[in-house]
Amino acid sequence: MKLTIVLLALVGCVAAFSVPTSSKVKVADAAFLAKQKFLFEIVHRIEDPLMFEEYIKLGGNLIVNKSAYTEFDYYMEKFWEAYKVGALLPKGEFFGALVKTHHKQAWGLFNFFYYAKDFETFQHNVAWARINVNEGMFVYALTLAVIHKPEFEGITLPMIYEIFPQYFFNSKFVYAAEKFDYDVWSKYVMYEKEYKDIFYKDFTQYHNSPYFYTKDWKTWQWWKMMGLDEEFYVNDKFFLRENYAQFNKDPKYAEILKGVQAFYMPVDYTRDIDFFNSESKLSYFTEDLGWNAYWYYLNMDYAFFLDGKQFGLNKDRRGEWWIYNVQQILARYYQERLANGFGDIPEYFWYKQVEYGYDPQLIYYNGIGYSYRKNYFEYESYGKFDMLYQIQNFFDRIYNVLETGYYKTADGVVFDLHKPEAVKFIGNYLQGNVDTYDKYFFNYYYVLSHMYFADVDYYDYEVFPNVFLNFETMMRDPFFYTFYQKFTDVFYKFKYYLAPYTHQELFYEGINIKNVEVSKLVTYFDFVDFDATNLLNDKMTFVEGKYVWDKALLARQARLNHKPFDFEFNIVSDKVQKGVVRIFLGPKFDEFGRTIPLKYNSQNFVQIDSFVYPFVAGENSFKRSSKEFSWTAEDRITYTELYKYVMLASEGHYEFPLDISEPHNAFPDRLVLPRGWESGMPMQFYFFVSPYAEDYEQFSNFDYTYSSGVGSGTRFVDSKPFGYPFDRSVDEYSFFVPNGYFKDVKIYYHDTFAKYFEQKYANYGYFDYSVEY
């Protein structure tokens, strides 16, 4: 069983897909399968009316009997009142999780799901909401409930990009998918093949490719070099992903996909010549589905409005974890910028132009396109200065408090903010969550900041789609990283007042890292199929009351990946002891080739792994593979495949393992390394060993094979500050200790697409399934 958990400060933990071969692997029972089947079917084709008759019967009424709930609170009452007077956000309208009016209604709906005493009440409410409530609000509330309801441990929903593909793929693909009709497609393809067989035969005798001009855009438009177009093709092989071999080993895999016709369409990343600027070069990274889904699930796991005590989130140091993730996301983004020749992330000034525009090229399911920003845009042109002043006050207040060094709450409690433990107060404040040290500070400043940049007023109800209003879309926009630097600036200001670690504090007596060998680091672009079947609009087929899932639509993209690599440690210990090994990756030079001093570079290091190792007395030689990293996950099993497995298990023909899917909140393993250069991009690893002295063991109070342990308090390897020892300002004279080790490396980029424009592609007009990475 492979243990998979996160990076970058990042999150998750569940085993990779595997066939149950041991009694240790838990298998789903009939009750579990019934719940899982219900959830998969209730979100199927979320844009369309509910077509499952059994759920339509269940969804006749919302249960409002207070005895059916463990708690019936203010937000539930307001939600029910809004429904009775027709004041809920209508179906088909854009839902923004960070639109204040939408958020309060979603909170009430979530409570109807979460506080339900039994599954029957929950099921009735979910079916009712699927029929009557706005689609985006419904999925948001349901996702929160499935993650946080204790009785749903091990149960999963499809990934957010499978429920709402339109949040992640450009409008050209969405239009094509929604119009897809198999009968029309099959006739069209027959005539097109006759034409192309003649065209390719004649043309490729004299030319390598008719699309020479796409060379500079080969990462995005790879299909043109294969002689393909942006249209659907039959997928007669297998679903493309990095770990497809694991699935093919399952003898049941072919059986579950029997009768499923799969079609793929090549999908571009965002590019628009009218809005073109140099930031477009990074769209393969900022629009990566795994990258955006990670941020979405982080904010689902630690939703800002959920009480830390009630949901156990304070056990996970929710505020510190959130701001540390922001810092790590910015550090990882900066590394990718360096790999592409860019420098520092641009700063944002309240009354200055934003140099780089952005057109997301997304379309909401109601047909309305997302708002765009022109180059050299001035946000103050929106007006809304009262909102702007509140957001500025949000930052001014925390800076003033940090300079003073303490804060006195309304009830007389004094907090010393120049102590390391105060990081939880700073993190809670910056996230704007309900655990903020003074309830007077919880005034939706975080929500208001996103509303301001999306041109949404306080009480706006029906708003235009904007990427800044939902967690799953905001990281597509380069401005996200610019604005969120304001949060990390506060974080660094807090750290400024903490004394750097002394040599004695960092020194681990008896541990000496003699050497760490790192295998060659190679990145490349591979191809992956994302399940976009939820966009289908054809007629749903039922046989004897059972839904026949006979088609799958796939979005095929080129995305960044890396070859597996290893660390070979040589560490000497003077006795038998346990230690925590941390591994960080950081840049060595800036965009001009100048060495970055460690004092400033410490904030650019990304933690990619941490683990406990039992040292023996003497020399310890051991290997750690990138496949073992504690916070990452490989490609997940798709919505189509999961549903087919559940149905097969429901019929008694398959034992459904609870660890069948990767964790929802793990960081993509393939994004651990920045792209690098063909000549080798200089980077550096930092390895650090610290004593293990915890009174708990990681994952000790939950089953990590199928649970991510949100709110358990044992998700993390130890109780050290996140990012330790880079969690404070660095004093280089004290930082170099025997239990710390820097290693210079280079990351080499292998151009997957070179073969298609440097020489003739023999199978022109067909996808290259033989491509080697």
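Which side chains along strand 12 (residues 566–573) point to one face and are buried, and which point to the other and are not? The model is a predicted one, in which local features need pLDDT of at least 70 and side-chain atom pairs count only at pLDDT 80 or more, while totals for chains, interfaces and linings use all residues. Residues are numbered from 1 along each chain as its sequence is written, and side-chain values use heavy atoms, with hydrogens and water left out.

In strand 12, Phe-567, Phe-569, Ile-571 and Ser-573 share one face and are buried (under 20% relative accessible area with a 1.4 Å probe, counting protein chains only; exposed is over 50%, and partly exposed lies in between), whereas Asp-566, Glu-568, Asn-570 and Val-572 point to the other face and are not buried. In a regular strand the side chains alternate between the two faces of the sheet. Strands here are DSSP runs of E with at least two residues, and helices are runs of H or I with at least four, both numbered from the N terminus.

Strand 12 runs antiparallel to strand 7 (residues 511–518), to which 7 bridges join it, and Val-518 stands opposite Phe-567. Strand 12 also pairs with strand 15 (residues 618–625) in the antiparallel sense over 8 bridges, pairing being assigned if DSSP finds at least two bridges between two strands; in this pair Val-572 stands opposite Glu-619.

Elsewhere, an open sheet of 8 strands with mixed pairing has the order 3-4-11-8-19-18-13-14. Its edge strands, strand 3 (233–234) and strand 14 (606–615), each pair on one side only. Within this order, strand 8 (residues 521–531) and strand 11 (residues 551–562) pair in the antiparallel sense over 9 bridges, and Phe-525 has Leu-560 as its bridge partner in strand 11.
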